[in-house]
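I opened the notebook to record what I looked up in this structure, one topic to an entry. I began with the whole chain and then went on to its parts.

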Amino acid sequence: QKYWPEIPLPDGSGSITLTEFPYQLQDTLYIDNMFLEFHHKLFDLTLGKQQIAPGVGYAWNPTDIFNLQDLMDPTYENEGISAVTLSIPLSYRTTLSGILQPKNSWNETVQYYQLKSGIGQFDLSALYSRSQLSQTGLFGASVQTHDLYGFNLEGEMFGLGIRSEVATHRLDYSDNLKYEYIIGADYTFKNSLYLLTEFYHSDLGAKTDQTAFDDYLVYFAGERKSLNQNYLFALAMYPLGDLLDISAFGIINLDDKSAVIAPQLMYRIFQDVELSIMGSWFVGDNTDEYGYQEHGARVRLRAYF
């Protein structure tokens, strides 16, 4: 639809319509997920823009090369990935999966393979992927062949939920391997209080005394999961009846000692409508990861259709 700007006259008697300078507003439709599924007794095939979320961690997923979670909102659903997914059941609780994310050429195409099985109360998976890892610095960008060898474990022991991810990174066929892993646990008490904690380490992050400007560029561009190397995440959540949940989480950069603490209220207005209010308090120096601001807030209204 076209619109024409109007300029008010200086004497206030009216305005002039600039008919020779129309402007047009356009609507854009974004599709987060759209895929086709084909199920057969021997395999399952999914084509199109789909949710792909490897890994078992809550705040971090070292074995996930498709998504980058927002630490201030880890459970928010990311945009789907345009890919081809093939899953082959091999036996009870054992599945072999392959994912291809097409790019401009075969060398750029993302390959991701996972063998998942179960033993007792634990699910285990071994995986391998090959992709191109790009890192954008101040004076240019680098692209490296990225081989990832990973292992996931998730299960329960004595009522305690346990999860772990380990990723080994090989860049440009180098023998200098980089390791990334999480160790996490969660527990629900009889009074419904839920606690979760997760430790994260990444050799890909910079050491505190060696953090350069390029490290910030790579981190904020979403090309790395962390700025530094060691982090701790903790969450506590408690329901106040059927309609209201209160929670609080904290993230600590164990290297520069900066942190953020975020309490939150989540109220179910209707069956399919939720209102959440979150505040955040940041601790650290101006040069630290979480010290660049003092306070923050977020209000979100979410409706499910």
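The entries below go from the overall make-up of the chain to its cores, one buried charged residue and a few paired strands.

**Entry 1, the whole chain.** I noted before anything else that this is a predicted model. I looked up the secondary structure and found one helix and 19 strands in the chain. The C-alpha trace spans about 80 × 50 × 50 Å along its principal axes, and 34% of the 305 residues count as buried. I also looked at contacts with a separation of 6 or more, and 42% of these join residues that are 24 or more positions apart.

**Entry 2, the cores.** I asked which residues touch the most other members of the largest nonpolar core. In this core of 20 residues they are Trp-60, Met-72, Phe-233, Phe-249, Ile-251 and Tyr-290. Two or more core residues come from each of strand 14 (194–202), strand 15 (230–240), strand 16 (244–253), strand 17 (259–270) and strand 18 (273–283). I then followed Met-72 and, leaving out residues up to four places away in sequence, found that Met-72 touches Phe-249, Ile-251, Val-260, Ala-262, Met-278, Ser-280 and Arg-298. Another core lies apart from the largest one and has ten residues, including Ile-99, Tyr-112, Leu-127 and Leu-148.

**Entry 3, Glu-289.** I looked up where Glu-289 sits, and its place is in the loop between strand 18 and strand 19 (295–303). Which side chain of opposite charge is nearest to Glu-289, and how far away is it? It is Arg-224, at 9.6 Å, and Glu-289 has no salt bridge although it is buried. I therefore checked the cut-off, which asks for a side-chain nitrogen of Lys or Arg within 4 Å of a carboxyl oxygen. I did find polar contacts from the side chain of Glu-289, one with the side chain of Tyr-219 at 2.7 Å and one with the side chain of Asn-253 at 2.8 Å. Beyond its neighbours within four places in sequence, Glu-289 is in contact with residues that include Leu-227, Asn-228, Tyr-231, Asp-256 and Ser-258.

**Entry 4, paired strands.** I turned to strand 13 (residues 178–188), which pairs with strand 14 in the antiparallel sense over nine bridges. Here Tyr-181 stands opposite His-201 in strand 14. The hairpin of these two strands has five residues between them, and Ser-192 takes a positive phi near 80° in it. Strand 14 also pairs with strand 15, again in the antiparallel sense, over eight bridges, and there the bridge partner of Leu-196 is Leu-235 in strand 15.

Terms used
Residues numbered from 1 in each chain as written. Predicted model: local features only at pLDDT ≥ 70, side-chain atom pairs only at ≥ 80, totals over all residues. Heavy atoms only, no water. Core = buried A, V, L, I, M, F, W, Y, C linked by side-chain atoms within 4.5 Å. Buried < 20%, exposed > 50% of the residue type's maximum accessible area, 1.4 Å probe, protein only. Contact = heavy atoms within 4.5 Å. Lys, Arg positive; Asp, Glu negative; His and termini not counted. Polar contact = N/O pair within 3.5 Å; in protein donor to acceptor, adjacent residues only side chain to side chain. Pairing = 2+ DSSP bridges.
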